[in-house]
2 protein chains.
Amino acid sequence: MKYLLKIAYIGTGYCGFQAQNNGRSIQRVLTEAAEKIFAVPTRVTGCSRTDSGVHALEYYITLEPGEGASGVKTENIPRAMCSVLPEDIGVVEARAVDDDFHPRYSAKGKEYKYLIYTSPARDPFYSGRAWMHYMRVGTSELENMKRAAGYFVGEHDFTSFMSAGSSITDAVREVFSFDASLSGNLLELKVSANGFLYNMVRIMAGTLTAVGEGRLSPEDIPGIIGARDRSRAGVTAPPEGLYLNRVFY
Amino acid sequence: MKYLLKIAYIGTGYCGFQAQNNGRSIQRVLTEAAEKIFAVPTRVTGCSRTDSGVHALEYYITLEPGEGASGVKTENIPRAMCSVLPEDIGVVEARAVDDDFHPRYSAKGKEYKYLIYTSPARDPFYSGRAWMHYMRVGTSELENMKRAAGYFVGEHDFTSFMSAGSSITDAVREVFSFDASLSGNLLELKVSANGFLYNMVRIMAGTLTAVGEGRLSPEDIPGIIGARDRSRAGVTAPPEGLYLNRVFY
């Protein structure tokens, strides 16, 4: 059997999704939980390699328990998993899927949110859950950021928005939508695409911040994309503001 | 000088606002921070004795530094305090007030929120920040809870909604407003009054939950209030769902 699980997690205490030699990964904690439930070795596959400290409001994994797995009913998997998982990971729903379903390769696209807390005063409820970055965002700053975001939409080579260490050779991705909105002191960037390069959303967030602060103009964006040069884009915004928000299948 | 500070905090790691012999209190941590800033003994007075684990979206304290205090400008106090406070306490603003201002006795009323996460699936983002209590809330359940909440409005003796250990003798309070709303799986109760008895909001939340689950009818509420008997009301809902939301001066 292969199960598809919709989960959510706070990434603060983890080294990212993927199991690594050192550090506590989401994948490792999920694998340990699944093996308690099924009482056999179980393969856990994720929909995305999220970085250390990045959160997920919606994330998908598949579970493939080995031979002789205990007979947990599909509808009972979320509650069984929640009972053995730490409080910062939740399982929302589970269903059986075909063997050829892959949470990553079957995805047609994803949507990320990036949250920036723009006030100089600290809001403890956003600590570790948004980038604490003081900036003045009025109507014109927000309009500039929205216009800049619009230039990312479409199919482009996003080499300028990929961390230098990446081994990806084809950096062409299609951004479906990209918007910025402000609610009180909280600036929310929301971007969907058919795929994302390593640190792409965080670099786009750092670049839009530069637009909001007047260090770049919205009309600089096409040139930055066209340059295919990481050094032309803005800083890589920190992980705590980033949320995987939706996965499209 | 006497300063009035608007603060916010996540109560999870604290034994409540008030300094106690054992346990780490919000008041103690604020006092230590203020004494670092002013470099002299400083009196910290709060607007409410919130319980262990209770949060505050808006809370007021006064700071009274002793003789010889360092000359921190009022407008710099929030940032100075934030720089020495832990991440779960934030200072939003500060202003000078008259000597006779008291954050508790000068308050004309307060508003609390109580959050109930009603889905059986865990949302890690509400862990420790809402009461995880599975209940089905449809239109009729919500209507019943709103009707029940309405019976609390007005001036009543709330002895039935005060924890047994309290030494208060006059339990008459005026509830200004009380409403229930649902957003996704999150049920929000919001109540304002000229004052609250010990555990009053948590007992009202436990009682409204009983109405939502059909164990009490909205029309039972006047009789429960009239009985002046704690045993007639519902359970005391846990602290993690409770937020001090506003203080009226």
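Biologist: Before we look around, what does buried area mean?

Modeller: Put two parts together and each loses some accessible area, as tested with a 1.4 Å probe. Sum that loss over both parts and you have the buried area. Keep in mind that we're looking at a predicted model. Here, the area buried between chain A and chain B comes to about 1,900 Å².

Biologist: Okay, and which three residues of chain A supply more of the area buried against chain B than any other three?

Modeller: Chain A has 25 residues in contact with 25 residues of chain B. A trio among the chain A residues supplies 40% of the area that chain A buries there. Those three are A:Arg122, A:Pro124 and A:Phe125.

Biologist: Which element gives the most residues to that side of chain A?

Modeller: The elements of chain A that give two or more residues are β1 (3–9), β3 (55–65), α2 (77–84) and β4 (89–96). With four residues, the one that gives the most is β4(A).

Biologist: How many residue pairs are in polar contact across the interface?

Modeller: By class, the side of chain A that touches chain B has 17 nonpolar, three polar and five charged residues. The rule finds zero salt bridges across the interface. For polar contacts, with both residues at pLDDT 80 or more, the count of residue pairs is 12.

Biologist: Let's talk rings. How are A:Tyr60 and A:Tyr249 arranged, stacked or edge-to-face?

Modeller: Their centres are 5.2 Å apart, and the angle between the planes is 85°. Planes over 60 degrees apart fall in one class, so this aromatic pair counts as edge-to-face.

Biologist: How many residues apart in sequence are the parts that this pair ties together?

Modeller: A:Tyr60 sits in strand β3 of chain A, while A:Tyr249 is in the segment after β10 (242–248) of chain A. A:Tyr60 is buried at 11% relative accessible area, and A:Tyr249 is partly exposed at 30%. Because of where the two rings lie, the pair ties together parts whose separation in sequence is 189 residues.

Biologist: Over in chain B, which residue's backbone oxygen does the side chain of B:Thr118 reach?

Modeller: B:Thr118 lies in the loop between β5 (109–117) and β6 (131–132) of chain B, and its relative accessible area is 6%, so it counts as buried. Beyond its neighbours within four places in sequence, its contacts include B:His133, B:Tyr134 and B:Leu187. At 2.7 Å, its side chain reaches the backbone oxygen of B:Asn185.

Notes: Residues are numbered from 1 along each chain as its sequence is written. Chains are lettered from A and ligands numbered from 1 in the order in which they are written. This is a predicted model: local features need pLDDT of at least 70, side-chain atom pairs count only at pLDDT 80 or more; totals for chains, interfaces and linings use all residues. Side-chain values use heavy atoms; hydrogens and water are left out. Contact means heavy atoms within 4.5 Å. A salt bridge is a side-chain nitrogen of Lys or Arg within 4 Å of a carboxyl oxygen of Asp or Glu. A polar contact is a pair of N or O atoms within 3.5 Å; within protein, one must be able to donate a hydrogen and the other to accept it, and residues adjacent in sequence count only if both atoms are side-chain atoms. Ala, Val, Leu, Ile, Met, Phe, Trp, Tyr, Cys and Pro count as nonpolar, Asp, Glu, Lys and Arg as charged, and the others, Gly among them, as polar. Rings of Phe, Tyr and Trp (its six-membered ring) pair if their centres lie within 6.5 Å; planes under 30 degrees apart count as stacked, over 60 as edge-to-face and the rest as tilted. Buried means under 20% relative accessible area, exposed over 50%, partly exposed in between (1.4 Å probe, protein chains only).
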